[in-house]
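Please walk through this structure with me, beginning with its charged side chains and moving on to a helix and a pocket.

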Amino acid sequence: MQSVFSGPVYVVGDNIDTDQIIPAQYLNLVPTIAEEYEKLGAYALCGLPESLYPTRYVKEGQLDSAYPVVVGGRNFGCGSSREHAPIALGSAGCKVVLAESFARIFFRNSVATGELYPCELTERLCETLKTGDVVTVDLDAGTVVVQNTGKTFKFKPLGDVRPVVDAGGLFNYARKTGMIAK
């Protein structure tokens with residue numbers, strides 16, 4: 001599985017809730033239907049207030065984002081238990097969310113769906129980085145390297161959840177490991 005991801009970051013603050021990640025009016029899209037899964041990505045993070053986030057995560061009329069890494073503050077993914085939140089980010093092309101902390105249900109849904117790697121930072125980066133900064137995230141080393149400065153930051157190891165995300169989610173992992181029949 002891929003363990004190194006590089007690209008520009010999209011930076012958000014604290015308490016980004018699931019309504020901001022994927023507003024309720026888009027929950028009628030069914031992620032198991034390929035064309036609806038694609039549409040979900042177009043709406044990822046569209047619930048953020050434009051006054052605070054003038055750069056949109058996914059440009060109008062696009063299905064994918066230019067930002068494979070999202071950097072957040074504390075309590076990323078709080079709010080409801082909707083699994084559409086990590087699915088929408090994954091559909092838009094997000095590979096990794098780096099945050100100071102995650103709402104438990106968002107973290108679990110990220111792992112269960114296998115859409116993205118939820119990596120918990122050891123220090124606050126949402127005030128250090130700005131949207132568009134290019135980073136390299138190395139899951140094996142547990143590091144984030146900012147390309148224009150060379151500064152390195154750490155995040156906590158994913159531990160036992162890493163192989164689940166690597167496999168593409170809980171059901172794929174269970175099939176791969178023989179927990180359920182293929």
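Arginine 124 is partly exposed in this predicted model, its relative accessible area being 22%, which places arginine 124 above the 20% under which a residue counts as buried. Its partner in a salt bridge is glutamate 100, and the closest N and O atoms of the two are 2.2 Å apart. Because glutamate 100 lies in the loop between strand S3 (96-99) and helix H4, while arginine 124 lies in the loop between strand S4 and strand S5 (134-138), the pair ties together parts that are 24 residues apart in sequence. Glutamate 100, for its part, counts as buried, with a relative accessibility of 18%. The pairing of the two side chains also appears as a polar contact of 2.2 Å. Beyond residues up to four places away in sequence, glutamate 100 touches Asp14, Gly72, Gly73, Arg74, Glu120, Leu121, Glu123 and Arg124.

How many salt bridges does the model hold by this rule? The count comes to 10, and one of them joins aspartate 19 to arginine 82, with the closest N and O atoms 2.8 Å apart. Since aspartate 19 belongs to helix H1 and arginine 82 to the loop between strand S2 (69-72) and helix H3, this pair ties together parts that are 63 residues apart in sequence. The two ends are placed as follows: aspartate 19 is partly exposed, at a relative accessible area of 41%, whereas arginine 82 counts as buried, at 15% relative accessibility. The side chain of arginine 82 also reaches the backbone oxygen of threonine 18, at 3.4 Å. Setting aside neighbours within four places in sequence, the contacts of arginine 82 are Thr18, Asp19, Ile22, Pro23, Ala24, Leu27 and Asn109.

Another salt bridge links aspartate 166 with arginine 162, where the closest N and O atoms are 3.4 Å apart. Both residues lie in helix H5, and the 4 residues that separate them amount to about one turn of the helix. An α-helix has 3.6 residues a turn, so residues three or four places apart point the same way. Aspartate 166 and arginine 162 are both buried. Elsewhere, salt bridges that share partners join Asp14, Arg74, Glu100, Arg124 and Glu127 into one network.

Helix H4 spans residues 104-113, and its buried residues are Phe106, Asn109, Ser110, Val111 and Thr113. Of these, Asn109 is among the residues in contact with arginine 82. Which elements help to cover the buried residues of H4? The cover includes helix H1 (18-21), helix H3 (84-91), strand S4 (117-120), helix H5 (162-166) and helix H6 (170-176), so that H1, which holds aspartate 19, and H5, which holds aspartate 166 and arginine 162, both take part in it. Just after H4, glycine 114 adopts a positive phi of about 70 degrees.

There remains the matter of empty space. Rolling a probe the size of a water molecule over the atoms shows where such space is left. In this model the largest pocket holds about 210 Å³, and 13 residues line it, with Ala42, Cys46, Val58, Lys59 and Glu60 lying nearest its centre. By character, the lining of the largest pocket divides into 8 nonpolar, 2 polar and 3 charged residues.

Technical notes:
Residues numbered from 1 in each chain as written. Predicted model: local features only at pLDDT ≥ 70, side-chain atom pairs only at ≥ 80, totals over all residues. Heavy atoms only, no water. 1 Å grid on protein atoms, 1.4 Å probe; cavity = no way out; pocket = protein on both sides within 12 Å on 5 of 7 lines; lining within 4 Å. Points joined across faces, edges and corners; volume = space filled by probe spheres on them. Nonpolar A, V, L, I, M, F, W, Y, C, P; charged D, E, K, R; others polar. Buried < 20%, exposed > 50% of the residue type's maximum accessible area, 1.4 Å probe, protein only. Helix = DSSP H or I, 4+ residues; strand = E, 2+ residues; numbered from the N terminus. Contact = heavy atoms within 4.5 Å. Salt bridge = Lys/Arg side-chain N within 4 Å of Asp/Glu carboxyl O. Polar contact = N/O pair within 3.5 Å; in protein donor to acceptor, adjacent residues only side chain to side chain.
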